[in-house]
Amino acid sequence: DLHSFPTRRSSDLVLIGNWKMNFNMHEASLYLHNLMQLLPSYRDVEVVLAPTILSLQSLSLQINRRIAKLAAQNCYWRDHGAYTGEIPAAHLRGIADYALIGHSERRYIFIESDKDIRLKVQAALRNRIKPILCIGETAQERALDETKDVLADQLTSGLANVTAEELGQIVIAYEPVWAIGTGDNAKPADVKSAVATIRRHIAHLYGKAAAEQVRIVYGGSVTVDNAADYLAIRDLDGLLVGGVSLDSHQFKEIITKAHSKEK
Ligand code: PEP
């Protein structure tokens, strides 16, 4: 039961913009320039941008980290070797603050396995990059009423070998696959219940204190209009925004809603 968890220490929110495979280096730089003009440094909202891998390094030189941080959209788990086309977490160290791991587009288009995802979580942690572990049920799993089991399995697998201390570095993104890029956003009540399921499972794995502390965000067709409904969920720590984050003005509006939210 959610109410058995005491209030967590920090009410700070994290807002992640996943640009997916959009914006070349020039466009990425322009976006960042615009966003930094638009956005004051909000102490209570951590803004994270996830550009394509090509722009990460130049944006890391351009960015004011008091205003926003950077995330890789993916990383490889081995540190070096004969793995043509891959980019290791080891090379992202000091450039990316975060890495999205197990995004549903990675799981289902690029057929990443739970084992790949587990190894990537560990590689990120070992390289001082905070993993944003994405989990969520497909439409079919939802129809079969398997959401709770899917969340528990993906957490158990993704967090295997992660210590309670390391858990503090992790953000869990609840992203129901059917809600991503579809305009069919999850009902706030369903998100609330998924967040409770996630905290309950983390409590089972790590104990209650860890479950209270871990940060959980929601992603799936978040817009300027529906963002406040999610931000009102007491036990949710922020949002992962895909499509709408491509418009710096709209993304800024969502960030401002998070900042002005009554805590
Ligand atoms: C995402 O990319 O993780 C996402 C939630 O996308 P969208 O907001 O476009 O549904």
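Here is a short walk through three paired strands and then the ligand site.

A word on the ground rules: this is a predicted model, where local features need pLDDT of at least 70, side-chain atom pairs count only at pLDDT 80 or more, and totals for chains, interfaces and linings use all residues. Residues are numbered from 1 along each chain as its sequence is written, and side-chain values use heavy atoms, with hydrogens and water left out.

Let's start with strand E2, residues 45–50, which runs parallel to strand E3, residues 69–72, with two bridges joining them. (Helices, H or I with at least four residues, and strands, E with at least two, are DSSP runs numbered from the N terminus; strands pair if DSSP finds at least two bridges between them.) Leu 49 has Leu 70 in E3 as its bridge partner. Add helix H2, residues 53–62, and you get a right-handed β-α-β unit made of E2, H2 and E3. Right-handed here says that, with the strands pointing away from the viewer, the path from the first strand over the helix to the second runs clockwise.

E3 also runs parallel to strand E4, residues 98–101, again through two bridges. There, Ala 71 is partnered with Tyr 98 of E4.

Now for the ligand. It is surrounded by 14 residues, the closest being His 103, Glu 175, Gly 181, Ser 221 and Gly 243 (near means a heavy atom within 4 Å). Backbone polar contacts (N or O pairs within 3.5 Å) reach ligand oxygen atoms from Gly 181 at 2.6 Å, from Ser 221 at 2.8 Å and from Gly 243 at 2.8 Å. Taken alone, the ligand exposes 290 Å², and the protein buries 96% of that (Shrake-Rupley areas, 1.4 Å probe).

Note on methods
Polar contact = N/O pair within 3.5 Å; in protein donor to acceptor, adjacent residues only side chain to side chain.
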